[in-house]
Amino acid sequence: MNNTIFLVGARAAGKTTMGKMLANKLSFSFIDTDCHLLETTQKTVAEIVEKEGWEGFRARESQILIDTTKPNRVIATGGGMVLAEHNRHFMKQNGTVIFLSATAATLAARLMKDPNVAQRPSLTGLSIVDEMEKVLAERLPLYHDAAHHIVNVEQDEALILNNILHMLQN
């Protein structure tokens, strides 16, 4: 398999964790678009949004998607990568897109345990639980539109990895 694999999903769905595991298993390279943005700009998502607004951040995010797409690579995308139709189309045309799916409650619980939560600006100004419900309600159709495959990530990481590997073989 000589392909790019894109992982999409909300914050805390496990895109980075599963992406590293999947890349390791397939002997692919791995890149996280949010981390790549931080490394190349020396600014957090929150700092970019503060200076350039969400529109500026989304434009940078789209460019990073194009710049980092290479064969034999797993790419963990930012949670909002699917907001732009051209990003969804690009991923579908240039690789296999896997949506890591979880409930708002699960995502909120993971976010509350995440020490990096301060680096991720609130998208709505709501509590984490309410924000995840709102964001998922808005983005779920977009994740589905982008995805070739959907994986429930509310299970053990080894099971998730096996499910993804099985999907990629079919």
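Me: How do you know how helix 5 and helix 6 are set against each other, and at what angle do they pack?

Reply: In this predicted model, helix 5 and helix 6 pack at about 135 degrees, and their axes are 8 Å apart. Angles from 65 to 115 degrees count as roughly perpendicular and those over 145 as roughly antiparallel. An angle of about 135 degrees fits neither class, so the two helices are called oblique to each other. Their crossing is right-handed.

Me: Which residues of helix 5 and helix 6 meet?

Reply: From helix 5 come Ala104, Leu107, Ala108, Leu111 and Met112, and they meet Ile128, Val129, Met132, Glu133 and Leu136 of helix 6. Sorted by class, this contact has nine nonpolar residues, no polar ones and one charged one.

Me: What makes helix 2 and helix 3 roughly perpendicular?

Reply: The axes of helix 2 (residues 33–41) and helix 3 (residues 45–68) come within 10 Å and cross at roughly 110 degrees. The range for roughly perpendicular is 65 to 115 degrees, and the angle of this pair falls inside that range, which is why the name applies. The crossing of helix 2 and helix 3 is right-handed.

Me: Which residues make the contact of helix 2 with helix 3, and how do they divide by class?

Reply: Helix 2 brings Thr33, Asp34, His36, Leu37, Thr40 and Thr41, while helix 3 brings Val45, Ile48, Phe57, Arg60, Glu61, Ile64 and Thr68. They divide into five nonpolar, five polar and three charged residues.

Me: Why is Glu61 counted as buried?

Reply: Glu61 sits in helix 3. Buried means under 20% relative accessible area, and Glu61 has 3%, so it counts as buried. Leaving out residues up to four places away in sequence, Glu61 touches Asp34, Gly78, Gly80 and Met81.

Me: Glu52 is also placed in helix 3; why is Glu52 called partly exposed?

Reply: Partly exposed covers what lies between the 20% limit for buried and the 50% limit for exposed. The relative accessible area of Glu52 is 31%, so Glu52 is partly exposed. Beyond its neighbours within four places in sequence, Glu52 is in contact with Phe57 and Arg60.

Me: Why are helix 1 and helix 7 called oblique?

Reply: Helix 1 and helix 7 pack at about 55 degrees, with axes 10 Å apart. Roughly parallel would need an angle under 35 degrees, and roughly perpendicular starts at 65. The angle of this pair lies between those limits, so helix 1 and helix 7 are oblique to each other. Helix 1 passes helix 7 in a right-handed crossing. Helix 1 contributes Thr17, Met18, Met21, Leu22, Lys25 and Leu26 to the contact, and helix 7 contributes Glu157, Ile160, Leu161, Ile164, Leu165 and Leu168. By class, nine are nonpolar, one is polar and two are charged.

Me: What makes up the largest nonpolar core, and which helix gives the most to it?

Reply: The largest nonpolar core has 42 residues, and those with the most contacts inside it include Ile5, Leu22, Met91, Ile98 and Ile164. Among the elements that give two or more residues to this core are strand 1 (4–8), helix 1 (15–26), strand 4 (96–101) and helix 7 (157–169). Helix 7 gives the most, with six residues. Apart from this core lies another, of six residues, among them Leu37, Val45, Phe57 and Ile64.

Technical notes. Residues numbered from 1 in each chain as written. Predicted model: local features only at pLDDT ≥ 70, side-chain atom pairs only at ≥ 80, totals over all residues. Heavy atoms only, no water. Core = buried A, V, L, I, M, F, W, Y, C linked by side-chain atoms within 4.5 Å. Buried < 20%, exposed > 50% of the residue type's maximum accessible area, 1.4 Å probe, protein only. Helix = DSSP H or I, 4+ residues; strand = E, 2+ residues; numbered from the N terminus. Axes fitted to C-alpha atoms, helices over the stretch in contact; angles between N-to-C directions. Left-handed = near helix turned anticlockwise from the far one by under 90°. Contact = heavy atoms within 4.5 Å. Nonpolar A, V, L, I, M, F, W, Y, C, P; charged D, E, K, R; others polar.
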